[in-house]
Amino acid sequence: MPRYFLQLRDGTGQLLDPDGLEYADMDALRKAVLIGARDLIAADAIRGEIDMRFRIDAEDREGIVVYTLSFKEAVRVIPGAE
């Protein structure tokens, strides 16, 4: 199975995945990235601040980005009534 590295980036910094994980196919990789993004957003919400500038880049062994998901794309925000 191919190994992918999920890199957390915000345009100014990054948190790199040194080990990566194996995923059976691109659907499994996309699902893992979505779950990871939502987990990070949930942890931010508990602390009272959500930074939507982040994204997760899934890279192959050669460092080529094969899939990207921004935090903005990971959730749907429903504004309250004004």
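**From the whole fold to Glu 59**

The secondary structure of this protein comes to two helices and five strands, where helices (H or I, at least four residues) and strands (E, at least two) are DSSP runs numbered from the N terminus. This is a predicted model, in which local features need pLDDT of at least 70 and side-chain atom pairs count only at pLDDT 80 or more, while totals for chains, interfaces and linings use all residues. Residues are numbered from 1 along each chain as its sequence is written, and side-chain values use heavy atoms, with hydrogens and water left out.

Read along the sequence, the elements follow the pattern β-β-β-α-β-β-α. Of the 82 residues, 28% count as buried, a term that stands for under 20% relative accessible area with a 1.4 Å probe and protein chains only.

Strand S4 (residues 55–59) and strand S5 (residues 65–70) pair in the antiparallel sense over five bridges, pairing being assigned if DSSP finds at least two bridges between two strands. Within this pair, Ile 56 stands opposite Leu 69 in S5. The two strands form a hairpin with five residues between them, and Gly 63 in the turn has a positive phi of about 85 degrees.

Glu 59 belongs to strand S4, and it counts as buried because its relative accessibility is 10%. Leaving aside neighbours within four places in sequence, Glu 59 is in contact (heavy atoms within 4.5 Å) with Arg 3, Tyr 4, Phe 5, Gln 7, Arg 9, Ile 64 and Val 65.

Definitions and conventions
Buried means under 20% relative accessible area, exposed over 50%, partly exposed in between (1.4 Å probe, protein chains only).
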